[in-house]
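Student: I should like to learn how to read the features of a structure that is new to me. Where may we begin?

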Amino acid sequence: MLENCVPWPDETADAYREAGYWTDEVLGRWPADDPGRAARCALVTAERTLTYAELDRAAERRAAGLLDRGIGRDDRVIVQLPNDIDLVVCTLALLRIGALPVFALPAHRTMEIVDLVEVSGARAYVGADVVLGHDFRLMATEVRSRCSTLTEVFIAGEPGDFTALAEVDAEPRTTPPPEPGDVAMFLLSGGTTGKPKLIPRTHADYAYQLRASAEVCDVGPHSRLLAALPVGHNFPLGCPGVLGVLRAGGVAVLSPSPSPDDCFSLIESAGVTITSLVPPMVPLWLEAAEWMPEDLSSLQVLQVGGARLDPVTAGRVREGLDCRLQQVYGMAEGLLNFTRLDDPQDLVLTTQGRPLSPGDEIRIVGPDGAEVGTGEPGELLTRGPYTFRGYYRAPGFNRVRFTGDGFFRTGDVVLSRPTGHLEVVGRINDVVNRGGEKVPAQELEELLMTMPAVAGAAVVAVPDPDMGELTCACIVPRGAEHPPALHEIRSALTERGVAGFKLPDRLVVFDRLPVTAVGKIDKKTLTARAVAQLIGGGAR
Ligand code: OOB
């Protein structure tokens, strides 16, 4: 296994193989593996369609092109592409040659990408030219000047000073495939504090996740799966997502955004059967379905996850979109929970599902570490055949986030039903969940503290009817006369290269931040005060 990655203990790995969870399968070779599929449709976008044979050929040529440019086994490559054919081709190509995609999200900006390159030691960055007015080439220039490991930049579209991704192309040649136990790729943690953490996922563990998720979602050769959310995220990538549907021989349909404008016409034209959304998108889809003309009748399953879906909105899905709802509570670290397609409606509307695999081990523990009873809230700990054993290059952090016997502390507070279904009721970790987008409080606090006008800062989540939570910056200004305004803070952070979704949505100014008995910022009291101020109009 790649250096600095924590393997499963040998006897656990043997047991997972014995139980049939792990097989010899490696990711990314599917089109080539099954010649019977060659003429069938694999990928659909609003502009183009690719058969399995075409996708295979494109991935083979891209793989050879990457090898020619010195990218090979175990090299980390930041992949930050919009949902389009290049993203799938690049991902398959990297997986085939044993290079490791590090999936960034299109919303990430200079600061996040620099962090990712530094943590991963990436040699290459693959990005777009301009998307929605943002020039990724300018960003790449800045990142390359700050990161010495980064020697190659490949740009899809107009490359500017960099190499065009289209030129990363050569006559296919045979290369030895990676081993099933090798790390295949890095996913980004959505649930941790501070700097981004990288999650190594192996071929064997992710292949099992794809296979098992396809099974509970009834995804097979008949399926047409729409990726509406950014494909670099675990949910649309592999639950079962784009990789799962390609593995199963179905069609992956790619939308540039989750908006009804982009998605509804694709659902109609491609006959989409399943898609996944984060909760804030669901009311928008329900509303749009009432008046938009497209025929959505092919849609059978809507998966919703990433943040808690309220039961009222959940209850509107069946009628409003004429499809079944499936709640998905997952994490890039591994464990996935799904409501099953034949679960009683009550469980589908009010729980976030039950674990995917019989190999998933779950403990729900109180503050003393002892297991709590059914129906009682506690922190969810888990280990299993597709749950990782440690963040990359983070031994100190891993000691805190794992128990001695290898259970991952999710930081989520859940309770279990007698059926084994889980309800997510809160979080121990300090992360604001803006409708599925995770903002680590500590990271934003550290950024706020670098601003000259800020003497003290704490970031809390405040409730919001649409997003679930919004990010509220609570600051103590330096010099009381002119506390900074929200728009000033937002533009200062934007200038620093911070992603838009991490900017504070609200600002409350305090003389002092409340502290606990041991002198830590008392976030519970702070949240209550911030909410009171926001309601009372004391916010800026
Ligand atoms: C998914 O993955 P991440 O890594 O972006 O975030 C994981 C965290 C969880 O620990 C939990 O705090 C929250 O997001 N979460 C949910 C949820 N699904 C995720 N909270 C309440 N209800 C849900 N249904 O977000 C993710 C990965 C794979 C599939 C689905 C979501």
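Tutor: Let us begin with helices: a helix is a DSSP run of H or I with at least four residues, and helices are numbered from the N terminus. The model shown here is predicted. In it, Ser213 belongs to helix α7, which covers residues 203-216.

Student: Is Ser213 buried or exposed?

Tutor: A residue is called buried when its relative accessible area is under 20%. Ser213 has a relative accessibility of 0%, and therefore counts as buried.

Student: Which residues is Ser213 in contact with, leaving aside its neighbours within four places in sequence?

Tutor: Contact means heavy atoms within 4.5 Å. With those neighbours set aside, Ser213 touches Gly238, Cys239, Pro240, Leu336, Phe338 and Leu356.

Student: Let us turn to the ligand. How many residues surround the ligand, and which are the closest?

Tutor: The ligand is surrounded by 20 residues, and the closest are His233, Val328, Ala332, Asp412 and Lys438.

Student: Which polar atoms lie beside the oxygen atoms of the ligand?

Tutor: A polar contact pairs N or O atoms within 3.5 Å. A polar side-chain atom of His233 is 2.9 Å from a ligand oxygen atom. For Ala332, a backbone N or O atom lies 3.0 Å from an oxygen atom of the ligand. In the side chain of Asp412, an N or O atom is 2.6 Å from a ligand oxygen atom.

Student: How much of the ligand's area does the protein bury?

Tutor: The ligand taken alone exposes 600 Å², of which the protein buries 96%.

Student: What classes of residue form the shell around the ligand?

Tutor: The shell has 9 nonpolar, 8 polar and 3 charged residues. Its largest share, 4 residues, comes from β16.

Terms used
Residues numbered from 1 in each chain as written. Predicted model: local features only at pLDDT ≥ 70, side-chain atom pairs only at ≥ 80, totals over all residues. Heavy atoms only, no water. Helix = DSSP H or I, 4+ residues; strand = E, 2+ residues; numbered from the N terminus. Buried < 20%, exposed > 50% of the residue type's maximum accessible area, 1.4 Å probe, protein only. Near = heavy atom within 4 Å. Polar contact = N/O pair within 3.5 Å; in protein donor to acceptor, adjacent residues only side chain to side chain. Areas by Shrake-Rupley, 256 points an atom, 1.4 Å probe, with all protein chains shown as cover. Nonpolar A, V, L, I, M, F, W, Y, C, P; charged D, E, K, R; others polar.
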